[in-house]
Amino acid sequence: MTANGWLQIVFYLLVIFLLTKPLGIYMTRVFSREKTFLDPVLRPVERIVYRLTGVDEKHEMRWTEYAIAMLLFSGVSMALLYLIERTQKWLPLNPQKFPNVEPGLAFGTAASFTTNTNWQAYSGESTMSYLTQMAGLAYHNFASAAVGIVLAIVVIRGIARKETDKLGNFWMDTTRCLLWVLLPICIVGSLVFVSQGVVQNLKPYTTVQLIEPQTVQVTGADGKATTQTVTQQVIAQGPVASQEAIKEFGTNGGGFFNANSAHPFENPTPLSNFFQIVLIFAIPSGLTYTLGRMTGSQRHGWAVWAAMAFLFFAGVTTLYWAEARGNPLLAGTDQRASALQSGGNMEGKEVRFGIANSALFATVTTDASCGAVNGMHDSFTPLGGMVPLINIMLGEVVFGGVGAGLYGIVVFVILAVFIAGLMVGRTPEYLGKKIESYDVKMAMLAILVLTFTILGFSAVAVVRPFGTSSISNPGPHGLSQVLYAYVSSAGNNGSAFAGLNANTMWYNTSTAAAQLLGRFFMIIPVLAIAGSLAKKKTLPESAGTFPVTGGLFASLLVSTIVIVGALTFFPALSLGPILEHLLMLAGKSF
Amino acid sequence: MKKNLLIAVWFTLVTTVIFGVLYPLGITGLAQLFFRDRANGQLVEKSGQLVGSGIIGQAFSGPGYFHPRPSSAGTGYDPTASGGSNLSPTNKTLLERVKGDVQKLQSENASAAIPVDLVTTSGSGLDPDISPAAAEFQIARVARARGVQEDEVRGFVKKYTKDRDLGFLGEPRVNVLELNLELDRSHPLR
C-alpha cells in the first residue's frame, strides 16, 4: 500500500461527500415538482411524453397501482429488448453482420438488463449489433435505473407523508427521473469520456496491419495445436461513450465490450476511471440527503451516510491490503510497490490503474449494485475477492444501487429500530411512524428472499454436473465462482468471477430467475412498507423514542447489517475464499 | 390495469426513441464534431497504412522491440475477444504459465527480479502499457538488438512514460506501441 494510493481513496470519498448535498437537494426538487434551472428546456419535452403516452398528470397512485405500473413497464420493455435481440440480423446498424441472439441468451440478457443487473454471459463485441447495444441494452440502463430511483422516492414519501394512501404517479416520477436526473449528466458525462478516448462512432470494425507479424499457437476443434501467423488486428468500435455514462451513473455496469471498464476503449485513462467511480456513487449518496430532506430529519440522512461510509472504508481497506500483498505463489517476480511499478497481484489488472484504483473500483462497484469492473475479480487474491462477495451479500446497501441502495438500507433501518425496540421494551418508531408487525414482516421477507435465492441456487449448482461443469478454477475457488454468480444475480450486481462459463442453459435460466426474484421480491415488500407507513399517523417524539440520528444509531445500523450478513453467509465464505486463502499461504495450488 | 398496460406500451416506445436512438445518435454527432480522432479510436498510421490504435496494445516478440504484457484476448491482443485469463491465484495453469515466462525472461536479463506486470495478463487483454519497471527491465535487450547505447533507449522510454493523471491519479506507465514506433523511426531494425 502506498501513500499515493491512500490519497486517491480519501480524495474520492471527499468528492462523494461534497456531491451529496447539492445532488440531494436537486433530486428533492425534481420529485417534489419544484422549479429547477432545467425546466425551460425539459418541461416541454415532459408534456410531449405525457401527451403521447396518455399519462394523467393529476393522478396519484396507491402502492398497489404503483407496483402494477412498475411491473407492466418492466415486462413490456423486457419483451421489446428480447425482440430486438432476436431480430437484430434484419435490423439496421449491424455492420459486423452479427446473427440473431440465441433464445436462452436473449432471455437471460433481457432479464439481466431489465433488473438493473447487467450480468453478461456474452461478449458484446462479438454478439450484439450497435442497434441492440443502443436501443436495447443502453436504453434499459436508463429505464431500470429510473425505476430503482423512483421506488426509493416512494419509500421516502411513505415515511414523510401521513394518513394517506397516495404515493405519487409512477409514470410521472419515471419521466422526471429520466429527463431531469439521468439525461443531463449523461450528455455531459459521455462527452467527458470521449475527450479521454472512449470511442463513439457507428463504423465497422477497423482492420490494421501489425507492425510485427506474430506466430501463435492455435488449438483447433480436434484438440490439435497448430501454428498460425497473425498479420492483422481487428479493432472493435461502436457507440461506447453514450452507454458508458449511463452504465456508471445508473449503477448498471453492463460493458459494451467483454472486458468492461478494463477495456481501453471503455476506460482509457486514470481520469476517466476516477470519473466513472464518482458517477457510480453520486446518486446513491445524494439520495441519503434526499431522505433527510423529504422526511425533515437531515441528521438522519447523514447518520445513514456515515454508516455507509464506514462500511465502504472497511471494504476498500481490506481489498487494497490483500491485493497489494500480491500472490505468494508467483516465484521469481518482483511484486513490491516502488516508484517504477505498482506491484502487487497484477493478474487481471491494468497497468494504468495499478492496485489502488483496481481495489477502489472493485469496492465501489459491488457496494453499489453496479457491476462494472476495471480488473478481473476472479483473479483477485482470495481475501481480495471476498470483499466484493461480502459487499453484495450485505444487500448492496453501502450507498448501493441507484434507489435500490436507499430502499435496501431502509429495510435494515426498520430492522435496527425493531431490535432497539425489543431491547428497551417499547414499540419501535421510525421518524414518528410506529413500526408494527406488518412492516417488520415485510422487511424480513425482503432480506430472506435474497438469502434463499443465493444459497438455494448455489447449493443445487455445486452438487449437480450441469452446475459444476462450468467451473474453471479448481479447488475452493470453484465454490467461490458459483457463489459469486448467484450473489451477483440475486443482488442485481452483474459483476462476476468471470471464468465460470455462464452461457449454458442452466446458468442462463437460473441466474435470470435469481435476478428477477432478487429485484421484484425485494421491490414489492418494500412498496408494501411504503404503503403501510404512509397510512400511519405521525407521533411526536417522546423521551422513550430511540433516536435515528447520531453515532449510536449509525453503529446499531452497521451492526445489524453485518450481523445479518455474517450469520447468513459465513459458512459459505469459510469454505470458499477463507479456505483458499489459508491453503494459498500454505503453498497449495490446484 | 388496462389503462396502465396501454401507457406501458406507449411509454416504452416513446422513451426508447428518446434514450435509445436520439440520445446516442446525438452524442455520436457531437463526439465526431469535437473529438473526431478520439471518438474513432486514436488510430495510428505508419507510411500511409493503419498499424494500430494508440490506446490498444498489440503483440511484439522480437528482441528489438519492447514487449507488452502477456494477453488472454483471443490468441493475444485480439480486440474482438477482449478479456482476462480469469485464473485464480491458486490455479496451477496460472502458476505454470508465469513460471515459464519468468524462466524465459531470466535468460534475457538475469540481473533483476521480473516486474510482476510483465508476466501477468491484464483484465482487458489489450493493455497498451507496461510499468516503467518493466520497460527498464527490457532496455538492455532492445539496445543490444538495435546496436544502440542503453542510455539512448532509456531516453526514449522516459519520453513515452506518462506520469499519473493530475499528478496523483492512476500509475505511471509506458505506451509500448508509441515507444516501438519511435524506435523504428530513429533506429530502424537492420
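Angles under 35 degrees count as roughly parallel, over 145 as roughly antiparallel, 65 to 115 as roughly perpendicular, and the rest as oblique. The model is predicted: local features need pLDDT of at least 70, side-chain atom pairs count only at pLDDT 80 or more, and totals for chains, interfaces and linings use all residues. Residues are numbered from 1 along each chain as its sequence is written, and chains are lettered from A and ligands numbered from 1 in the order in which they are written.

**Exercise 1.** Classify the packing of α7(A) against α8(A).

Solution.
1. Helices are DSSP runs (H or I, at least four residues), numbered from the N terminus; α8 of chain A covers residues 241-249.
2. The two axes, lines fitted to C-alpha atoms over the stretch in contact, come within 8 Å and cross at roughly 125 degrees. Angles run from 0 to 180 degrees between N-to-C directions.
3. α7(A) and α8(A) are therefore oblique to each other.
4. Residues in contact (C-beta atoms, placed from the backbone, within 7 Å) include A:Leu182 and A:Phe193 of α7(A), and A:Glu244 and A:Phe249 of α8(A).

**Exercise 2.** Classify the packing of α7(A) against α9(A).

Solution.
1. α7 (residues 170-196) and α9 (residues 270-295) of chain A pack at about 160 degrees, with axes 9 Å apart.
2. The pair is therefore roughly antiparallel.
3. On α7(A), A:Gly189, A:Val192, A:Phe193 and A:Gln196 meet A:Leu271, A:Ser272, A:Phe275 and A:Leu279 of α9(A).

**Exercise 3.** State how far apart the C-alpha centres of the domains of chain B lie.

Solution.
1. An automatic or database domain assignment gives the bounds: domain 1 is 1-40 and domain 2 is 41-186.
2. Their C-alpha centres lie 39 Å apart.

Definitions and conventions
Helices (H or I, at least four residues) and strands (E, at least two) are DSSP runs, numbered from the N terminus. Two residues are in contact if their C-beta atoms, placed from the backbone, lie within 7 Å.
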